[in-house]
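Biologist: I'd like to go through this one label by label. Can you put it up, and I'll ask where the words come from?

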There are 2 protein chains.
Amino acid sequence: MRLHGYWRSSAAYRVRIALNLKGLTVEHIFRHLRHGEQSAPPYLSLNPQGLVPALETDEGAVLTQSLAIVEWLDETRPLPPLLPPDPLGRARVRALALSVAADIHPLGNLRVLRDLKTRFAADQPAIDDWYRHWSRLGLDALETRLAREPDTGRFCHGDMPGLADLCLIPQLYNARRFALDLAPWPTLTRIEAVCLALPAFADALPEAQPDAE
Amino acid sequence: MRLHGYWRSSAAYRVRIALNLKGLTVEHIFRHLRHGEQSAPPYLSLNPQGLVPALETDEGAVLTQSLAIVEWLDETRPLPPLLPPDPLGRARVRALALSVAADIHPLGNLRVLRDLKTRFAADQPAIDDWYRHWSRLGLDALETRLAREPDTGRFCHGDMPGLADLCLIPQLYNARRFALDLAPWPTLTRIEAVCLALPAFADALPEAQPDAE
């Protein structure tokens, strides 16, 4: 399998963690987002959205969207599971994952931050403010849920890492990049510490990738 | 079951379609987004994200995030299925759904448009432009995929409506609200016409809801 990614792409980072948790080794193709390689023809013909990641299977199928890729990995390589077995637990884990992937991440994407700069003549402090605002809103809600819900364990759901954790950790990585104070989120940082102690998470860190700058 | 929603919420609209396709009747609780009812304490204690929809089960569980709710409905009421049976097909449908739910919709949410207005002093034409820009980008990519991929049928995937369709139709509804020209997306509008001919989709239309204004 071949994973098209970028060291700093939060969505590619999620898939790297999932692959590591499953013990899978893939070929990595790096698409330099700041140089626009994801919107150039060779990659665009693979993924018309012009976003990373995309996963090419050995049979030539092209999978896009990090959460869809992770669900596919979990369906085709069931062990260790990245989602709990019961429907309510699965709904909880998917909701936690989506609260990051659909409500925080899309607003802080590189293409969006760049667009704010050109469209509204936003300077870097204004862009940082925008980024922090949506991160705080989302991470506050996530902290509230994880702190009060009995299904939270050492990880977001119970004592096994899964889909919610592999969304949370890259988002916290980005929060640090934007110098957010993580003190208001003790449950999130507690889970982060447990995750980053695992090689599956540590090896997927942006700095650990060959295309890191 | 009780669905907390709002007539114009695109994410609540998705869940209404799913419930209708499954033939399920639920109690509807309307949370007026423009009046901020989704961020007031009674609802906020139910869903700390302060977003609709949320689904309360008869057993008192609270499910959030439209895609997680739809997956739960599909796992607990399997017929008719909203996802195909094969992992690759499921990955395709989830990716199509996420390309709407994670890459178009979050940028055009009411809370985001309001924030642009206050943060960057954006006027209505500038906000409309922003909205149309991200819609076009996302819908262009979706049209490319759906037009060229052999798995596309009468609906986004084959000849049964499912998870991708119930994301697409509300997004096209919003595109019309923002006066986007839909001519560049003949595959999307062809699928839309087939969907809206079904009562499950038509009955879920915002205008058909009791809280419509």
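Modeller: Let's start with a helix pair in this predicted model. In chain B, the axes of α1(B), residues 10–21, and α8(B), residues 163–177, come within 9 Å and cross at roughly 135 degrees.

Biologist: Why is α1(B) called oblique to α8(B)?

Modeller: Set the angle against the cut-offs. Over 145 degrees would count as roughly antiparallel, and 65 to 115 as roughly perpendicular. The crossing is at roughly 135 degrees, which makes α1(B) oblique to α8(B). As for handedness, α1(B) passes α8(B) in a right-handed crossing.

Biologist: Which residues make the contact?

Modeller: From α1(B) you have B:S10, B:Y13, B:R14, B:I17 and B:A18. α8(B) brings B:L166, B:C167, B:I169, B:P170, B:Q171 and B:N174. By class, that contact holds seven nonpolar residues, three polar and one charged.

Biologist: On to the two chains. How many residues of chain B are in contact with chain A?

Modeller: 34 residues of chain B, and they touch 34 residues of chain A. Being in contact here takes C-beta atoms within 7 Å. Elements giving two or more residues to the chain B side include β4, α3 and α7 of chain B. The largest share, nine residues, comes from α4(B). Sorted by class, the chain B side has 21 nonpolar, six polar and seven charged residues.

Biologist: What makes the relation between the chains that of a two-fold axis?

Modeller: In general, two copies of a chain are related by a rotation about an axis and a shift along it. Here a turn of 180 degrees with a shift of 0.0 Å along the axis lays chain B on chain A, with an RMSD of 0.0 Å. That is the relation of a two-fold axis. Within chain B, B:A102 comes closest to the rotation axis, its C-alpha at 2.2 Å.

Biologist: And how do you know that the same surface serves both copies?

Modeller: 100% of the contact residues of chain B recur in chain A.

Biologist: Now the sheet in chain A. What makes β2 and β4 of chain A edge strands?

Modeller: The sheet is open, with four strands in the order β2-β1-β3-β4 and mixed pairing. β2 (27–30) and β4 (62–64) of chain A each pair on one side only, and those are the edge strands. Neighbouring strands of the sheet are turned by 20 degrees against each other on average, direction ignored.

Biologist: How do you know that β1 and β3 of chain A pair?

Modeller: Pairing needs at least two bridges between the strands. β1 (residues 2–5) and β3 (residues 54–56) of chain A are joined by three, so they pair, and they run antiparallel. Looking across to β3(A), you'll find A:A54 opposite A:H4.

Biologist: Last topic: the backbone. Which peptide bonds are cis, and at what omega?

Modeller: One runs from A:V52 to A:P53, with omega near 5 degrees. A:P53 sits in the loop between α2 and β3 of chain A. Another joins A:L79 and A:P80, at an omega of about -10 degrees. A:P80 belongs to the loop between α3 and α4 of chain A.

Biologist: What makes the phi of A:Q65 worth a remark?

Modeller: Most residues other than glycine have a negative phi. A:Q65 is a residue other than glycine, yet its phi is positive, near 70 degrees. You'll find A:Q65 in the loop between β4 and α3 of chain A.

Note on methods
Residues are numbered from 1 along each chain as its sequence is written. Chains are lettered from A and ligands numbered from 1 in the order in which they are written. This is a predicted model: local features need pLDDT of at least 70, side-chain atom pairs count only at pLDDT 80 or more; totals for chains, interfaces and linings use all residues. Axes are lines fitted to C-alpha atoms, for helices over the stretch in contact, and angles run from 0 to 180 degrees between N-to-C directions. Angles under 35 degrees count as roughly parallel, over 145 as roughly antiparallel, 65 to 115 as roughly perpendicular and the rest as oblique. A crossing is left-handed if the near helix is turned anticlockwise from the far one by less than a right angle, and right-handed if clockwise. Two residues are in contact if their C-beta atoms, placed from the backbone, lie within 7 Å. Ala, Val, Leu, Ile, Met, Phe, Trp, Tyr, Cys and Pro count as nonpolar, Asp, Glu, Lys and Arg as charged, and the others, Gly among them, as polar. Copies are superposed by least squares on the C-alpha atoms of residues with pLDDT of at least 70 in both.
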